[in-house]
Amino acid sequence: MPADTGIEGRDQAPSEVRVAGEVEELERRFQELVDADQRIEPRDWMPEGYRRTLIRQIAQHAHSEIIGMQPEGNWITRAPSLKRKAILLAKVQDEGGHGIYLYSAAETLGVSRDELVDLLHSGRQKYSSIFNYPTLTWADVGAIGWLVDGAAITNQIPLCRCSYGPYGRAMVRICKEESFHQRQGYDILYTLARGTPRQREMAQDAVNRWWWPSLMMFGPPDEASQHSAQSMAWGIKRHSNDELRQRFVDVTVPQAEVLGLSLPDPEIRWNEDRGHYDFGPIDWDELRRVVSGDGPCNRQRMAHKVAAHENGRWVREAALAYEAKLEAGYKRGARASGRAA
Ligand SMILES: [Fe+2]
Ligand SMILES: [Fe+2]
């Protein structure tokens, strides 16, 4: 079943009414392209379920980038130095840019950014539940960069090879910027971990609070993941949630050792037989609660997002009025030069 994107299926234009057997042939050719690791481009035929799944996924990703500006934006005016402030400002702006590339990628699938923003604001589309946690201290900015952007990169690197061209290409640039984000977070924690006892404690407390929510960013365990198998067959997803989560844990545990900070899980230990780190059970009830709207900041994040959109209405109206004026000017100019000819 295609995922519910909140977007109605488009009626096919009469010229696109297919004769029996034609759709099967198109589907076969589509799957052949995907299996051969070729890219699907906006004008190519694609199954409706593929289009809807991509819209849902790309929109959720775009919304997450935009909502994700809030927890860190909270610290821009309180960054501890001019340098840290400039870095954080650049990082938060990058996230806004990621949202814009992704809305543009979604628009190539025949949906408008306005529609997607409405779906978010009316609660019919979601954003990553990680952004429903508060940023209590400056060390949270470090923990978000290291863990949240780190988990995002682990998820997103395979998406650079996504079968849908515009999404894969957007991810290439996004991943480059995400790796800068991850390093800036790591650098903040590295500095705090070597600072005063109070700074060290602040860094440890932030890691304690962000560790488990970061592991939840990979989504539910494989046996409970609804969309995975079809997304894999379509070349949208390359690895399962649990595989990516394990990869993240394997990369992150040695980094925590270098930081000299501990991870809040007594069960983490290297498993020689598996060649991976074991880790303790994840509280999936917490994820369910936060996803269904009951996280510490869900209401605050959405209220802020809707208010910012409303406050920006005059800017959008002014831009459209200016564009209409330019267009009218061009038309007058064209008519005048037509008469002159
Ligand atoms: Fe981002
Ligand atoms: Fe980022």
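# Exercises on a predicted di-iron model

In sequence, the donors of the iron ion (ligand 2) show the spacing E-x53-D-x28-E-x2-H. Residues are numbered from 1 along each chain as its sequence is written, while chains are lettered from A and ligands numbered from 1 in the order in which they are written. The model is predicted, with local features needing pLDDT of at least 70, side-chain atom pairs counting only at pLDDT 80 or more, and totals for chains, interfaces and linings using all residues; side-chain values use heavy atoms, with hydrogens and water left out.

**Exercise 1. Put residue names on that spacing, then work out the site around the iron ion (ligand 2).**

Step 1: The protein donors are Glu 95 (OE), Asp 149 (OD), Glu 178 (OE) and His 181 (ND1), at 1.9 to 2.2 Å from the ion. A donor here is an N, O or S atom within 2.8 Å of the metal (3.2 Å for Na, K and Ca), and since water is not among the atoms, sites may look incomplete.

Step 2: Now check the angles. The four donor atoms subtend 86 to 162°, which makes the arrangement irregular. For reference, four donors are tetrahedral if all angles lie between 85 and 135 degrees; four are square planar and six octahedral if opposite donors are over 155 degrees apart and all others between 65 and 115; anything else is irregular.

Step 3: Place a pair of donors on the chain. Asp 149 sits in helix H6 and His 181 in helix H7, 32 residues apart, so this pair links distant parts of the chain. Helices (H or I, at least four residues) and strands (E, at least two) are DSSP runs, numbered from the N terminus.

Step 4: Asp 149 and His 181 are both buried. Buried is under 20% relative accessible area, exposed is over 50%, and partly exposed is in between (1.4 Å probe, protein chains only).

**Exercise 2. Which residue bridges the iron ion (ligand 1) and the iron ion (ligand 2)?**

Step 1: List the donors of the iron ion (ligand 1): Glu 65 (OE), Glu 95 (OE), His 98 (ND1) and Glu 178 (OE), at 2.0 to 2.2 Å. Their spacing along the chain reads E-x29-E-x2-H-x79-E.

Step 2: Look for the bridge. Glu 95 coordinates both ions, which are 3.4 Å apart.

Step 3: Follow the helices. Glu 95 belongs to helix H4 (residues 82-107) and Glu 178 to helix H7 (residues 165-193), so this pair ties together parts 83 residues apart in sequence. Both Glu 95 and Glu 178 are buried.

Step 4: Back to geometry. Around the iron ion (ligand 1) the four donor atoms subtend angles of 85 to 146°, which makes this arrangement irregular.

**Exercise 3. How many disulfides does a search of the whole structure find?**

Step 1: Apply the cut-off, a pair of cysteine sulfur atoms within 2.5 Å. The search turns up zero disulfides.

Step 2: Try Cys 160. The nearest cysteine sulfur belongs to Cys 175, 3.9 Å away, and Cys 160 is in no disulfide.

Step 3: Add burial. Cys 160 is buried at 17% relative accessible area, and Cys 297 is buried at 4%.

**Exercise 4. Find the largest nonpolar core and the helix that gives the most to it.**

Step 1: Use the rule: buried Ala, Val, Leu, Ile, Met, Phe, Trp, Tyr and Cys residues joined through side-chain atoms within 4.5 Å. The largest core has 52 residues, and those with the most contacts inside it are Trp 138, Trp 146, Trp 210, Trp 211 and Leu 263.

Step 2: Sort by helix. H4, H6 (138-156), H7, H8 (197-216), H10 (241-259) and H11 (284-294) each supply at least two residues. H6 gives the most, with 10 residues.

Step 3: Zoom in on Leu 263. Leaving out residues up to four places away in sequence, Leu 263 touches Trp 146, Val 207, Trp 211, Val 253, Ala 256 and Ile 268 (contact means heavy atoms within 4.5 Å).

**Exercise 5. Is Glu 72, which pairs with Lys 91, buried or exposed?**

Step 1: Count the salt bridges, taking a side-chain nitrogen of Lys or Arg within 4 Å of a carboxyl oxygen of Asp or Glu. There are 20 salt bridges.

Step 2: Glu 72 and Lys 91 form one, with their closest N and O atoms 2.7 Å apart. Glu 72 is in helix H3 (residues 69-73) and Lys 91 in helix H4, 19 residues apart.

Step 3: Glu 72 is buried at 2% relative accessible area, and Lys 91 is buried at 1%.

Step 4: Now take Glu 25 and Arg 28, whose closest N and O atoms are 2.9 Å apart. Glu 25 is partly exposed at 32%, and Arg 28 is partly exposed at 43%.
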